[in-house]
Amino acid sequence: MKLLSPSATATSSLPSSAFLPSHSNGFQNLGFSSATFKFSKNKGRCIRKAGSTNITAKFELKPPPYPLDALEPIMSRDTFEYHWGKHHRAYVDNLNKQIDETDLDGKSLEETIVIAYNNGDILPAFNNAAQVWNHDFFWESMKPGGGGKPSGELLKLIERDFGSFEKFVEQFKLAAATQFGSGWAWLAYKESRLDVGNAVNPLATEEDKKLVVLKSPNAVNPLVWNHHHPLLTIDVWEHAYYLDYQNRRPDYISVFMDKLVSWEAVSSRLEKAKAIIAEREREEEEKRREEEEKSTTDEAEPTPEIFADSDTD
Ligand SMILES: [Fe+2]
């Protein structure tokens, strides 16, 4: 189990999938009814055309992928009304105020998180941006009738990397229970090449392409850490469970694992992470081959002889 390091560096490729938060579509709650909208795919933002000027629309509060009472009695409608309706909404509203007319205005949510994390020297917008993303990811990590055991490749990897599904659950619960104060516990797929800078032929670490359990304080999430692909999370801020479980965080964690986790979402995220990694490896291999070919060509070409002019000739 590892605590996300404040010295971590920003990841260069950010994951996305049907089960990853996306602020690239859906314009409800924006409050614009008659303006013409133009969606910018690259920025994941919505642009409102108003006369000759473009006004960048704000991030929206995305609803959970099920009705607010769908997880009752395990997670009550009251909890959702406060947790999503008030806390999550406040993160969105505060973020929009913080980025207004700054360099972050117009960036995607994921870009905002990585830039504002600033290698651990956190800028003001980080907490709200990360909390918006974390909560979207959390809602999508659950489903009515969830829990139980995963299957297929995900289960095989869990058994390979933790010894057994039961040992994984034990480790995840421990991470969630022991996160001091507010924070999150995560299951992530660690791509984990060494951060080697200019090293030649870096060796893989023992943790390459491996599932890992992490915990993080406050709003920190694995997006800020190089080569970590988040697959599952649980919110262990008190606002996540206090109405239903008061101070009994371990009970909330247990019921989350037993009856709420959407293993379908986790499997989908794993599949997407592996596709991203495979694509990056293909690109790197291609680049390496091109450099080798260029090097071979350069060696094959004869070095032109250089004759110095001499005044004595
Ligand atoms: Fe929360």
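A salt bridge here is a side-chain nitrogen of Lys or Arg within 4 Å of a carboxyl oxygen of Asp or Glu. Arg 248 and Asp 251 fit that rule, with their closest N and O atoms 2.9 Å apart. The structure is a predicted model, and this pair is a friendly place to start a walk through it.

## Charged pairs

By the rule above, the count comes to 13 salt bridges. Side chains of opposite charge can pair when their charged atoms come close. Three of the pairs are set out below.

| Pair | N to O distance | Relative accessible area |
|---|---|---|
| Glu 140 and Lys 62 | 2.9 Å | Glu 140: 9% |
| Glu 191 and Arg 280 | 2.6 Å | Glu 191: 1%; Arg 280: 11% |
| Arg 248 and Asp 251 | 2.9 Å | Arg 248: 37%; Asp 251: 38% |

Let us take the pair in the last row: are its members buried or exposed? Arg 248 is partly exposed, because its relative accessible area is 37%. Asp 251 is partly exposed as well, with a value of 38%.

Now for Glu 191 and Arg 280, whose side chains meet in a salt bridge at 2.6 Å, N to O. Glu 191 sits in the loop between strand E5 (183-190) and strand E6 (210-217), and Arg 280 sits in helix H8 (residues 263-300), so this pair ties together parts that are 89 residues apart in sequence. With a relative accessible area of 1%, Glu 191 is buried. Arg 280 is buried too, at 11%.

The salt bridge of Glu 140 with Lys 62 has a distance of 2.9 Å, N to O. Here Glu 140 belongs to the loop between helix H3 (125-139) and helix H4 (152-162), while Lys 62 belongs to the loop between strand E4 (53-56) and helix H1 (77-99), so the two tie together parts that are 78 residues apart in sequence. Glu 140 counts as buried, because its relative accessibility is 9%, under the 20% cut-off.

## The iron site

Which residues hold the iron ion? Its protein donors are His 83 (NE2), His 135 (NE2), Asp 235 (OD) and His 239 (NE2), at 1.9 to 2.1 Å from the ion. Along the chain, these donor residues follow the spacing H-x51-H-x99-D-x3-H.

The site has 4 donor atoms, and the angles among them run from 88 to 132°. The site is tetrahedral because that range falls between the limits of 85 and 135 degrees. For comparison, the ideal angle for four tetrahedral donors is 109.5 degrees.

Two of the donor residues can be placed by their accessibility. Asp 235 is buried, with a relative accessibility of 0%. His 239, at 17%, counts as buried because the cut-off is 20%.

## Core and packing

The chain has 8 helices and 7 strands. Of its 313 residues, 44% are buried. Among contacts with a separation of 6 or more, 76% are between residues 24 or more positions apart.

The largest nonpolar core has 74 residues, and those with the most contacts inside it are Met 142, Phe 168, Phe 172, Ile 234, Phe 256 and Trp 263. H3 gives the most to this core, with 9 residues.

Met 142 shows how these contacts spread. Beyond residues up to four places away in sequence, Met 142 touches Tyr 66, Leu 71, Met 75, Phe 80, Phe 256, Leu 260 and Ser 262.

One of those partners, Leu 71, lies in the loop between E4 and H1. Leu 71 counts as buried, at 2% relative accessibility. Its C-alpha is 5.3 Å from that of Pro 144, although the two residues are 73 apart in sequence. Apart from neighbours within four places, the contacts of Leu 71 include Tyr 66, Phe 80, Lys 143 and Leu 260.

Another partner of Met 142 is Phe 256, one of the buried residues of helix H7 (residues 249-259). The others in that helix are Arg 249, Tyr 252, Ile 253, Val 255 and Met 257. The buried residues of H7 pack against H3, helix H5 (165-178), strand E7 (228-235), helix H6 (242-245) and H8.

## Confidence

The chain averages a pLDDT of 81, and 73% of the residues score at least 70. Over residues 24-55 the pLDDT is below 50, and this stretch has 56 contacts in the model beyond near neighbours in sequence. Residues 1-17 also stay under 50, with 65 contacts beyond four places in sequence. Where pLDDT is low, the predicted coordinates should not be read in detail.

Conventions. Residues are numbered from 1 along each chain as its sequence is written. This is a predicted model: local features need pLDDT of at least 70, side-chain atom pairs count only at pLDDT 80 or more; totals for chains, interfaces and linings use all residues. Side-chain values use heavy atoms; hydrogens and water are left out. pLDDT is the predictor's confidence in each residue, from 0 to 100. Contact means heavy atoms within 4.5 Å. Donors are N, O and S atoms within 2.8 Å of the metal (3.2 Å for Na, K and Ca); water is not among the atoms, so sites may look incomplete. Four donors count as tetrahedral if all angles lie between 85 and 135 degrees; four count as square planar and six as octahedral if opposite donors are over 155 degrees apart and all others between 65 and 115; anything else is irregular. Buried means under 20% relative accessible area, exposed over 50%, partly exposed in between (1.4 Å probe, protein chains only). Helices (H or I, at least four residues) and strands (E, at least two) are DSSP runs, numbered from the N terminus. A nonpolar core is a set of buried Ala, Val, Leu, Ile, Met, Phe, Trp, Tyr and Cys residues joined through side-chain atoms within 4.5 Å.
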